[in-house]
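Here are my notes on the model, point by point. Please read them with the coordinates open.

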Amino acid sequence: MKLALEKPELVSLAAGFVDQQSLPVEETTRATEKVLGDARGGRSALQYGNTIGDEALRTLLVERLEQGHDAAPGTYRDAVARTVVTTGSAQLIYLVGEALLNPGDIVLVESPTYFVFLGPLETRGARAVRVPIDGQGLRIDALEEALSQIQEDGQLDRVKLIYTIPEHANPTGISLAEDRRKPLLDLANRWSKIAGRRIFVLEDAAYHGLSYGRPEAKSIWSLDPEAETVILARTFSKTFSPGLKLGYGVLPNELVDPILRLKGNHDFGSSNFAQRLLHRVIADGDYDRHVERLREIYGRKRDIFLDALDRFLKPFQNEVTWTRPQGGLFVWMTMPEGIDTGFDGPLFARCLAEGVIYVPGEFAFAPEPSPFPRNHLRLTFGVPDEETLVEGARRLAEAVCATLSPSATA
């Protein structure tokens, strides 16, 4: 981000921001006028709210979960009391770590994973342990092996959480296959019994809604009707506005009170005005219309970016690979082993010289078990316009060529 601000001539394929031109100014203006148009309602919106969040909004969110899972109205009614509105999903993730983790506790994460999640774990003194993925997401067999190894090491009682990003994951763009979702929950429940304590599953669905040309998969949360295991985390930062800074979580029964106590210590509740505004946007249908527009914008950007990568990197198609996401904002690229993509490596230096930047993949790997690979990079197609995406792909290809075939560019 610092580089992009200091050098505006750079094409940034790094920061996972949203498309600036897509931000919903008109929808937000209409909703604001309606919220403030009634004096009594406006004053209520500008007053303090409560810690768990506006009840009308939470009820609406649960009703939308019912609709999204083809459940009969009222099926998830009990979930309203377990739904907490947060200041983005990042706050929920932090609160979960604060409620569950002590120094030395273990969290199993995908390899690679959302690198921002690793910070709160480090703050808590917890250990993040990598579990391999493939093109279908988290490998259930590898998760089983990891738990078995931890049990052999006498550390099973320290395992508190499995963290997964099932929809168009940041950083890979890969989604968890539908036929792995129930087995993941079953595994967590089975190992909870072996461990003698609950192992929770944190389902970080930040990119839910941003699927391109395919239906949305049902959440892991929907497979846990007893509300014992899965923590569902969602946000409106990518599907509406990051400036609104609202997300929500649906919690297992035993985590509701601990999370609310901690959130009360943090902020007494997220922005009451923002919650009323979001309720209006959703209730009026503007939210769904905006998401549909985003799917068109980002779906086209993805196609243009992948086509440009195919075209410019064709000479290296046997050496360099990348994911082809069906949603979200990210592409994960893999260079040949031995090519360091870090800030001090040859590729990043060449990219700077060409005027393009990316996020080194090494940041997305938990420290255990070490060592982790250094030949990956995360790219995003969310922010640049279509023409700039093509130029960014061209510049990246020039840097790849100079790195892999230095004699050809000398």
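1. Start with Asp70. Asp70 sits in the loop between helix 4 and strand 2. This is a predicted model, and the remarks below should be read as such. Asp70 has a relative accessible area of 66%. The cut-off for exposed is over 50%, so Asp70 counts as exposed. Asp70 and Lys218 are 148 residues apart along the chain, yet their C-alpha atoms are separated by 9.3 Å.

2. Next, the open sheet. Its 8 strands follow the order 2-9-8-7-6-3-4-5, with mixed pairing. Which strands stand at the edges? They are strand 2 (83-86) and strand 5 (137-138). Each has a single partner strand, so one side of each is left without a neighbour in the sheet.

3. Look at the strand 2 edge. Strand 2 runs antiparallel to strand 9 (residues 247-250), and 4 bridges join the two. Within this pair, Val84 stands opposite Gly249 of strand 9.

4. Two helices deserve a check against the sheet. Helix 8 (residues 178-195) packs on it and touches strand 4, strand 5, strand 6, strand 7 and strand 8 (230-235). The direction of helix 8 makes about 170° with that of strand 6. Helix 6 (residues 115-124) lies across strand 3 (106-111), strand 4 (127-134), strand 6 (159-164) and strand 7 (200-204). Helix 6 runs at about 165° to strand 3.

5. Now the second largest pocket. It holds about 470 Å³ of space. Helix 4 (55-68), strand 8 and helix 11 (286-312) are the elements that give two or more residues to its lining. Which element gives the most? Helix 4 does, with 5 residues.

6. The lining of that pocket comprises 22 residues. Arg64, His208, Gly209, Arg234 and Tyr287 lie nearest the pocket centre. By class, the lining splits into 8 nonpolar, 8 polar and 6 charged residues. If you plan to place anything there, note that these figures come from the protein atoms alone.

7. Tyr212 lies in the loop between strand 7 and strand 8. Is Tyr212 buried or exposed? Its relative accessibility is 7%. The cut-off for buried is under 20%, so Tyr212 counts as buried.

8. What is Tyr212 in contact with, leaving aside its neighbours within four places in sequence? The partners are Arg295, Tyr298, Gly299, Arg302, Gln326, Gly327, Gly328, Leu329 and Phe381. Thr403 is another matter: 191 residues separate it from Tyr212 along the chain, and the two C-alpha atoms are 33 Å apart.

9. Strand 14 (residues 376-380) is worth a close look. Of its 5 residues, 5 are buried, so strand 14 is largely enclosed by the rest of the structure. In a regular strand, side chains alternate between the two faces of the sheet. Here His376, Arg378 and Thr380 point one way, while Leu377 and Leu379 point the other way. All of these residues are buried.

10. Finally, the partners of strand 14. Strand 11 (residues 330-334) runs antiparallel to strand 14, with 5 bridges joining them. Strand 13 (residues 359-360) is also antiparallel to strand 14, and 2 bridges join this pair. Which residue of strand 14 is the bridge partner of Val359? Arg378 is. On strand 11, Trp332 stands opposite Arg378.

Conventions:
Residues are numbered from 1 along each chain as its sequence is written. This is a predicted model: local features need pLDDT of at least 70, side-chain atom pairs count only at pLDDT 80 or more; totals for chains, interfaces and linings use all residues. Side-chain values use heavy atoms; hydrogens and water are left out. Two strands pair if DSSP finds at least two bridges between them. Contact means heavy atoms within 4.5 Å. Axes are lines fitted to C-alpha atoms, for helices over the stretch in contact, and angles run from 0 to 180 degrees between N-to-C directions. On a 1 Å grid over the protein atoms alone, a cavity is a set of points where a 1.4 Å probe fits but cannot get out, and a pocket is an open set with protein on both sides within 12 Å along at least five of seven lines; lining residues have an atom within 4 Å of a point. Grid points are joined across faces, edges and corners, and a volume is the space filled by probe spheres set on the points. Ala, Val, Leu, Ile, Met, Phe, Trp, Tyr, Cys and Pro count as nonpolar, Asp, Glu, Lys and Arg as charged, and the others, Gly among them, as polar. Buried means under 20% relative accessible area, exposed over 50%, partly exposed in between (1.4 Å probe, protein chains only).
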